[in-house]
Amino acid sequence: MDIISPVDGVVTYVSKCYPYGGNLDQYKIHIAYAHRNGNLFQLELGIEPMAGALCSGPTGTPGYYDPYILVAQNDRVSKGQKIGSMVLVPGSASHIHFNSKYQN
């Protein structure tokens, strides 16, 4: 399943393996889409396969999410552009958290 950028902007952060919740991990993409008074508005996407520690911990595979991330920090993206793919593991839920952040 494709992950599509909902905004025009610049990729400010990519995390290819972010552990959370004890035995889960995720990958992240942040996109700056506007600025005001020198401060950035960013859309933060936290992609959570919820299928265990796929890239982290003793059972994870380092680099597991690499093929699913199609952008890098400082890349310009356009609204509607494919920026990644969702990891779908049979028998597991998957979702994306969207957060909008103004500077910090």
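Which strand does histidine 35 lie in? I looked this up first, in what is a predicted model, and found histidine 35 in strand β3.

**Entry: histidine 35**

I then checked the accessibility of histidine 35 and noted a relative accessible area of 63%, so I put this residue down as exposed, the cut-off for that word being over 50%. Leaving aside neighbours within four places in sequence, I found histidine 35 in contact with Leu40 and Phe41. I also looked along the chain to glutamine 103, which is 68 residues from histidine 35 in sequence, while their C-alpha atoms are 8.9 Å apart in space.

**Entry: aromatic rings**

My count of aromatic pairs came to five. One of them, which I examined in detail, is formed by phenylalanine 41 and tyrosine 102, with 4.6 Å from centre to centre and 40 degrees between the planes, and I recorded this pair as tilted. The pair links distant parts of the chain, since phenylalanine 41 belongs to strand β4 (residues 39-48) and tyrosine 102 to strand β7 (residues 95-102), 61 residues apart. How buried or exposed is each partner? I noted phenylalanine 41 as partly exposed at a relative accessible area of 21%, and tyrosine 102 as partly exposed at 32%.

Tyrosine 102 came up again when I searched for charges over rings: the charged end of arginine 36 sits over the ring of tyrosine 102, 5.0 Å from its centre. I wrote down a further case at tyrosine 18, where lysine 28 lies over the face of the ring at 3.7 Å from the ring centre. Going back to the ring pairs, I saw that they link Tyr27, Tyr64, Tyr65 and Tyr68 into a cluster.

**Entry: the nonpolar core**

Which residues touch the most other members of the largest nonpolar core? This core has 18 residues, and I listed Ile3, Tyr27, Ile29, Ile31, Ile47, Tyr65 and Ile83 as those that touch the most other members. The elements giving two or more residues to this core are β3 (24-36) and β4. Two names on that list, Tyr27 and Tyr65, had already appeared in my note on the tyrosine cluster.

I followed isoleucine 29 outward from the core and, not counting residues up to four places away in sequence, found that it touches Val11, Tyr13, Leu43, Glu44, Leu45, Ile47, Ile69, Val71 and Ile83.

**Entry: histidine 30 and glutamate 44**

I moved on to histidine 30, which also lies in strand β3. Histidine 30 has 12% relative accessibility, which is under the 20% cut-off, and I therefore marked it as buried. Outside the span of four places in sequence, I found histidine 30 touching Val10, Val11, Thr12, Tyr13, Gln42, Leu43, Glu44 and Leu45.

Glutamate 44, one of these contacts, is found in strand β4, and at 12% relative accessibility I counted glutamate 44 as buried. Which side chain does glutamate 44 join through a polar contact? I found that the contact, of 3.3 Å, is made with the side chain of lysine 101. Beyond its neighbours within four places in sequence, glutamate 44 is in contact with Ile29, His30, His97, Phe98, Asn99 and Lys101.

**Entry: the disulfide**

I counted one disulfide, and traced it from cysteine 17 to cysteine 55, with 1.9 Å from S to S. The torsion about this S-S bond is about 90 degrees, so I recorded the disulfide as right-handed. The two cysteines lie in distant parts of the chain, 38 residues apart, with cysteine 17 in strand β2 (residues 9-20) and cysteine 55 in the loop between β4 and β5. I noted cysteine 17 as partly exposed at 32% relative accessibility, whereas cysteine 55 is buried, with a relative accessible area of 6%.

**Entry: glycine 52**

My last search was at glycine 52, which is found in the loop between β4 and β5 (76-77). Is glycine 52 buried or exposed? I found a relative accessible area of 17% and entered glycine 52 as buried. Not counting residues up to four places away in sequence, glycine 52 touches Asn23, Leu24 and Asp25. I also took the separation between the C-alpha atoms of glycine 52 and lysine 82, which are 30 residues apart along the chain, and noted 25 Å.

How values were computed:
Residues are numbered from 1 along each chain as its sequence is written. This is a predicted model: local features need pLDDT of at least 70, side-chain atom pairs count only at pLDDT 80 or more; totals for chains, interfaces and linings use all residues. Side-chain values use heavy atoms; hydrogens and water are left out. Rings of Phe, Tyr and Trp (its six-membered ring) pair if their centres lie within 6.5 Å; planes under 30 degrees apart count as stacked, over 60 as edge-to-face and the rest as tilted. Helices (H or I, at least four residues) and strands (E, at least two) are DSSP runs, numbered from the N terminus. Buried means under 20% relative accessible area, exposed over 50%, partly exposed in between (1.4 Å probe, protein chains only). A charge sits over a ring if NZ of Lys or CZ of Arg is within 6 Å of the ring centre and within 35 degrees of the ring normal. A nonpolar core is a set of buried Ala, Val, Leu, Ile, Met, Phe, Trp, Tyr and Cys residues joined through side-chain atoms within 4.5 Å. Contact means heavy atoms within 4.5 Å. A polar contact is a pair of N or O atoms within 3.5 Å; within protein, one must be able to donate a hydrogen and the other to accept it, and residues adjacent in sequence count only if both atoms are side-chain atoms. A disulfide is a pair of cysteine sulfur atoms within 2.5 Å.
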